[in-house]
Structure formats: structure tokens, C-alpha cells
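Here are a few short exercises to work through with the model open beside you. Try each task before you read its solution.

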Amino acid sequence: MSFSEGWPEAGRLFFQTGPASAYSLVASWISKHQRDGRITGEDPYRFAVLFLDMLIGEHQLGWLTSMPRAARREKIDETVRLAVKVFLRGCRSRPAPSD
């Protein structure tokens with residue numbers, strides 16, 4: 001049984017105040033940059049989920065599986081730098097090709 005199955009209200013509260021809140025904050029930032037033409041017009045919430053999952057996936061899984069070596073400071077810094085670079089390169093607006 002998962003935590004949210006045993007305590008559905010606690011699971012809902014955790015998600016709303018943790019992940020969903022972070023996704024919304026980042027989605028707002030992405031949406032602003034979409035309006036400015038710097039980021040492509042895909043769904044900002046989905047972009048936020050993808051970006052934040054790139055940042056925390058390996059490290060969070062390391063802590064959840066009692067393998068905290070994966071969350072060493074230098075590895076976290078490396079992950080953040082790479083995730084930002086990949087994300088911004090992948091979603092930046094490009095000029096339309098000329099005919």
C-alpha cells in the first residue's frame with residue numbers, strides 16, 4: 001500500500017504544497033518567457049514538470065532508496081547545470097525558416 005492510499009488527505013496535501021506548488025511557480029516563469037518570445041509555446045506546466053523532474057529525479061531516487069551517494073553536492077551541481085542547459089536549448093524559440 002502506498003502512503004497516499006493509507007492517508008489520502010496527507011498525500012493530497014503533500015502534493016499540493018510541494019510538487020504542484022513548485023510546478024506552478026516554474027510554469028509561471030516559463031509562461032512569462034513564452035510571452036517574451038524566448039521559449040517555445042508548448043504547455044508551460046508540462047515544461048515545468050519535465051524541467052523539475054530532470055533536476056531532482058536521480059537525487060531524490062537516491063535518497064528514497066538509501067543510496068545518498070547519488071546526492072553528493074558536486075553531483076547535484078552538475079545535474080543542475082546540465083538540466084538548465086538541456087532545457088533552455090531544447091525549448092528556446094527559433095526564427096521561422098525563410099522561404
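A salt bridge here is a side-chain nitrogen of Lys or Arg within 4 Å of a carboxyl oxygen of Asp or Glu. This is a predicted model, so local features need pLDDT of at least 70, side-chain atom pairs count only at pLDDT 80 or more, and totals for chains, interfaces and linings use all residues. Residues are numbered from 1 along each chain as its sequence is written, and side-chain values use heavy atoms, with hydrogens and water left out.

**Exercise 1.** Work out how E78 and K75 are paired.

Solution. Start with the contact: E78 and K75 form a salt bridge, their closest N and O atoms being 4.0 Å apart. Next, the spacing: the two sit 3 residues apart in helix α5, so about one helical turn separates them. Last, the cover: E78 has 44% relative accessibility, so it counts as partly exposed (buried is under 20%, exposed over 50%, partly exposed in between; 1.4 Å probe, protein chains only). K75, with 27%, is partly exposed as well.

**Exercise 2.** Do the same for R12 and E9.

Solution. Their side chains meet in a salt bridge at 2.1 Å, N to O. Both lie in helix α2 (residues 8-17), 3 residues apart, so again about one helical turn lies between them. R12 is partly exposed at 37%, and so is E9 at 48%.

**Exercise 3.** Finish with K32 and D36.

Solution. This salt bridge spans 2.9 Å, N to O. K32 is partly exposed at 39%; D36 is too, at 44%. As a final check, a search of the whole structure finds 3 salt bridges.

Key: Helices (H or I, at least four residues) and strands (E, at least two) are DSSP runs, numbered from the N terminus.
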